[in-house]
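Visitor: I am new to this structure and would be grateful for a close look at a single part of it. Please take one region and describe it with care, together with whatever adjoins it.

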Amino acid sequence: MKKVALITGASSGIGKELAIIHAEKGGDLVLVARSRDKLETLKNELEQKYNVQVMLIVKDLTKQEAPKEVFTEVKNAKIDIDYLINNAGFGGIGKFHERDWEKDLSMINLNITALTALTRFFLPDFVNRNSGKILNVSSTASLMPGPLQAVYYASKAYVTYFSNAIAQELHDTNVTVTTLMPGATETEFGAVSGMDKTVLFDKTANARKVAEDGYKGMMKGKLDVITGLTGSQKVMMSMLPLMPKKALLKQVYSMQQEK
């Protein structure tokens with residue numbers, strides 16, 4: 001039986017690469033994103049090249065009703081999801097009190113609410129049949145506060161701790177929850193968030209490599225997968241527990257200012 005993966009934010013970046021990897025392994029897909037044109041192009045490519053079936057759901061997951069609509073469409077199509085990959089998310093730079101509130105609210109709705117809702121809708125089926133894998137895409141940003149990206153960093157901290165918590169709740173089942181925490185990655189995220197103008201995005205990780213590491217970690221049932229870091233970033237990450245918080249805040253703040 002072919003395994004079916006549902007991937008959000010599948011039209012570009014890490015999500016698209018995850019879709020390609022799953023198709024390469026012969027798996028069928030349900031792809032969710034806002035861009036119909038990009039999804040249809042990817043669907044045609046995957047079906048022709050890998051002889052898999054791809055269902056498309058064009059949906060804006062920043063809308064409150066969208067996750068339930070996705071779940072309902074999958075159920076109506078009588079498709080059983082084996083792997084749930086919550087990849088969709090976006091960021092935005094600037095001082096919190098100066099940023100457009102509607103944009104930050106949409107960020108919370110996508111990065112936190114949609115991910116949580118989709119997990120809640122699909123997880124009972126996983127538990128009932130005692131099989132299934134969840135990959136929630138977080139960020140190394142989840143490991144620290146993020147001045148000038150306060151909401152984004154906080155939203156990813158939620159993803160990491162939420163995912164880790166339910167992974168433990170499921171320890172006595174065959175259902176696993178893996179958190180993917182990449183560093184700055186070569187995707188549309190940098191341009192959309194404005195982070196491409198900061199030193200953090202001077203050296204970006206390859207989206208395919210990040211996706212491969214995340215997919216492999218999901219298949220192995222790993223708790224966390226940290227990937228896409230430069231040597232200096234790895235050193236910084238290892239020192240996080242030792243750094244005084246005020247010093248850490250100043251460092252992150254300076255790294256996120258436009259060059």
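**A close look at helix α3**

Guide: Just after helix α3 comes K78, a residue with a positive phi, near 55°. Before going further, it should be said that the model is predicted. Helix α3 itself comprises residues 66-76, and this is the part chosen for the close look.

Consider first the residues of the helix that are hidden from the surface. A66, P67, V70, F71 and V74 are the residues listed as buried in α3. Viewed down the helix axis, these buried residues fall within an arc of 140°, so they line one face of α3. What lies over them? The cover of the buried residues of α3 includes the strands β1, β2 and β3, together with helix α4. Of these strands, β1 spans residues 4-8 and β2 residues 28-33, while β3 spans residues 54-58. Helix α4 takes in residues 101-129.

Helix α4 also meets α3 through a pair of charged side chains. K75 and D125 form a salt bridge, with 2.6 Å from N to O. The pair joins distant parts of the chain, since K75 belongs to α3 and D125 to α4, and the two residues are 50 apart. Are these partners buried or partly exposed? K75 is partly exposed, with a relative accessible area of 35%, and D125 is likewise partly exposed, at 26%.

The same region borders an enclosed space. There are three cavities of 30 Å³ or more in the model, and the largest of them holds about 40 Å³. Its lining consists of V74, K75, I79, D80, I81, F122, D125, F126 and R129. The elements that contribute two or more residues to this lining are α3 and α4. Helix α4 gives the largest share, four residues. By character, the lining divides into five nonpolar residues, four charged residues and no polar ones. Both partners of the salt bridge described above, K75 and D125, appear in this lining, as does V74, which is one of the buried residues of α3.

Two further salt bridges involve other elements. The structure holds 11 salt bridges, and one of them pairs D28 with K2, at 3.9 Å from N to O. D28 lies in strand β2 and K2 in the segment before β1, so this pair ties together parts that are 26 residues apart in sequence. D28 is buried, with a relative accessible area of 12%, whereas K2 is partly exposed at 41%. Strand β2, where D28 lies, is also among the elements that cover the buried residues of α3.

The other example is found within a single helix. In α2, which covers residues 36-50, the side chains of R36 and E40 meet in a salt bridge of 4.0 Å, N to O. These two residues are four positions apart in the helix, so about one helical turn separates them. R36 is partly exposed at 48% relative accessibility, and E40 is partly exposed as well, with a relative accessible area of 34%.

To return to the chosen part: helix α3 has its buried residues along one face, α4 is among the elements that cover them, and the salt bridge between K75 and D125 links these two helices.

How values were computed:
Residues are numbered from 1 along each chain as its sequence is written. This is a predicted model: local features need pLDDT of at least 70, side-chain atom pairs count only at pLDDT 80 or more; totals for chains, interfaces and linings use all residues. Side-chain values use heavy atoms; hydrogens and water are left out. Buried means under 20% relative accessible area, exposed over 50%, partly exposed in between (1.4 Å probe, protein chains only). On a 1 Å grid over the protein atoms alone, a cavity is a set of points where a 1.4 Å probe fits but cannot get out, and a pocket is an open set with protein on both sides within 12 Å along at least five of seven lines; lining residues have an atom within 4 Å of a point. Grid points are joined across faces, edges and corners, and a volume is the space filled by probe spheres set on the points. Ala, Val, Leu, Ile, Met, Phe, Trp, Tyr, Cys and Pro count as nonpolar, Asp, Glu, Lys and Arg as charged, and the others, Gly among them, as polar. The arc is that of the directions from the helix axis to the C-beta atoms. Contact means heavy atoms within 4.5 Å.
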